[in-house]
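Student: Could we take a close look at one part of this protein together? I would like to see how that part sits among its surroundings.

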Amino acid sequence: MEAPQVWGKRWQENTLPMARRYMEVACRKQSLVCLAADRSTMAGLNQLIDEVGQHIAALKTHVDLVDDWTADSWAAFCAKAEAADLIIFEDRKFADIGKISRNQMAGVYDIRSWSDLVTAHLISGPDIVDGLQAGWADVNRQGGVLLLAQMSSRGNLLNPQYTAQVVEKGKTHDGVFGFIGNGSRPDELRELRKTVGEAKMIWTPGVNLAVGDGEMGQRYGDPAQAINAGSDCIIVGSGIHMADNPSQQAAKYAEVSWHALLNR
Ligand code: S5P
């Protein structure tokens, strides 16, 4: 099926190249799954893409938790992800002032050179988005920022007033690809979708087919309910990479997410 038909208003109202790219990849793969590839070795990460690459649309990384990271092995890993038609999303959760965030896109990990998306908190003000965009521009690349509007962890400090301000400042900025919402609470997500409107993306961690409490304060909601409530992408970590059969589980999450979108 074609992306404009499947995504409806989201396609019409969001003309950012990266958002359009995501919507197209999701249709090709029939999957709204972003894999949170939280494994700590390069071998484990590579194995994961080999096993589940065909069932996911995006790959979320935490580059700084890999024990045996080297620039070369990471470049090969990113090439593998690109060959698997994946959008690469570094979940760095930048939070500093604009100038430093720009410089943090470089450094030893050189995030600007391989990431298509990054996360940021807006706690330091909206210049962080310009700083991150300048980071990509420094290497003639384009990318999109996902602002944390909500979080899935219990007791987090992103209260409704904070969320509203993040959305207000982020929704008209071209550098903002969309928002991170809390996948574990469909009612809160529905409210978030109302304030965001139809244009920007909302991506949601805190989803698992096994609903309930996770490790260290993580909370999980149902993936289909999250999409129903307005999420455009479910971010799934341990539900896939800790499964006995990651490929089978990834296929299951893909199917659930795709049908939820078609129903929406
Ligand atoms: O509020 C949040 C935001 C993020 S980006 N809660 C989250 O859990 N995340 C990320 O999503 C977190 O860093 C992890 O990589 C992933 C969830 O993994 P899981 O194993 O709990 O599914």
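Student: Where is the place of D110? Please take me through that part and the elements around it.

Tutor: Happy to! Keep in mind that this is a predicted model. D110 is found in the loop between α6 and β4. Its backbone has a positive phi of about 50°, although D110 is not a glycine. Is D110 buried or exposed? Neither word fits: D110 is partly exposed, because its relative accessible area of 23% falls between the cut-offs of 20% and 50%.

Now look at the two elements on either side of that loop. Both α6 (98-104) and β4 (117-120) are among the elements that cover the buried residues of helix α7. The cover also includes β3 (87-94), β5 (144-148) and β6 (176-180). Underneath this cover, the buried residues of α7 are I128, V129, G131, L132, A134, G135 and W136.

Helix α7 itself runs over residues 127-138. You can check its length with a little arithmetic: at 1.5 Å a residue, its 12 residues should span 16 Å, and the end C-alpha atoms are 16 Å apart, so the two values agree. Just after α7 comes N140, with a positive phi of about 55°.

One residue helps to tie this region together, and that is L147. Setting aside neighbours within four places in sequence, L147 is in contact with A120, L122, V129, V166, G170, V176, G178, F179 and I180. One of these partners, V129, is a buried residue of α7.

L147 also belongs to a wider picture. The largest nonpolar core has 85 residues, and L147 is among those with the most contacts inside it, along with W7, Y22, W74, F177 and W203. Helix α3 (residues 17-29) gives the most to this core, with 7 residues. In soluble globular proteins, nonpolar side chains tend to be buried together.

To finish, compare D110 with another residue that is not a glycine: M216 has a positive phi near 45°. M216 lies in the loop between β8 (212-213) and β9 (219-220). With a relative accessible area of 84%, M216 is exposed, whereas D110 is partly exposed.

Notes: Residues numbered from 1 in each chain as written. Predicted model: local features only at pLDDT ≥ 70, side-chain atom pairs only at ≥ 80, totals over all residues. Heavy atoms only, no water. Core = buried A, V, L, I, M, F, W, Y, C linked by side-chain atoms within 4.5 Å. Buried < 20%, exposed > 50% of the residue type's maximum accessible area, 1.4 Å probe, protein only. Helix = DSSP H or I, 4+ residues; strand = E, 2+ residues; numbered from the N terminus. Contact = heavy atoms within 4.5 Å. Expected span 1.5 Å × (residues − 1).
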